[in-house]
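Me: Please take a close look at one part of this model. I should like a connected account of the backbone there and of what surrounds it.

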Amino acid sequence: MQKSLTIDPQKCTGCLQCEMACSYHHEGVFNPSKSRIKVFTFHDQGLFAPYTCTQCAEAWCLHACPVDAIVTNHVTGAKEVLPTVCVGCKVCTIACPFGTVNYNQDSGKV
């Protein structure tokens, strides 16, 4: 069964619980800096916008990776980072027009 995350920005209150849950699920710690979901805050308007990787059809991160550590999963179609191949150069973070590729300080990988 394929899973997908649906985010409704209209319902976001900026509580950041999604960041906490994501970091705990993937990293085993409650640390928003390790979350794959980020909440962007528009302070002057009192609005919040949660975002995550948009799985672009034209995946600039995939094409920018110098070691081909980002691949398309042939079963799900998802863009995935191969941690055993990633060298932590962060070129993909620069290539992503949405800023949704995150670097993990602890692992030295994205």
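Reply: Asp68 counts as exposed because its relative accessibility is 56% (exposed is over 50%, buried under 20%, partly exposed in between, with a 1.4 Å probe and protein chains only). The model is predicted, so local features need pLDDT of at least 70 and side-chain atom pairs 80 or more, while totals for chains, interfaces and linings use all residues. Numbering starts from 1 along each chain as its sequence is written, and side-chain values use heavy atoms, without hydrogens or water.

Asp68 sits in the loop between helix 2 and strand 3 (70-72) (DSSP runs numbered from the N terminus: helices H or I, at least four residues; strands E, at least two). The phi of Asp68 is positive, near 55 degrees, in a residue other than glycine. Most residues other than glycine have a negative phi.

Gln55 likewise has a positive phi, near 50 degrees. The loop that holds Gln55 runs between strand 2 and helix 2 (60-64). With a relative accessible area of 32%, Gln55 is partly exposed.

Gln55 also leads to the largest pocket (an open set of 1 Å grid points over protein atoms alone, where a 1.4 Å probe fits, with protein on both sides within 12 Å along at least five of seven lines; lining residues have an atom within 4 Å of a point). Of the 35 lining residues, Gln55 is among those nearest the centre, together with His26, Arg36, Cys53 and Lys79. Helix 1 (17-27) and strand 4 (79-81) are the elements that give two or more residues to this lining. Helix 1 provides the largest share, 4 residues.
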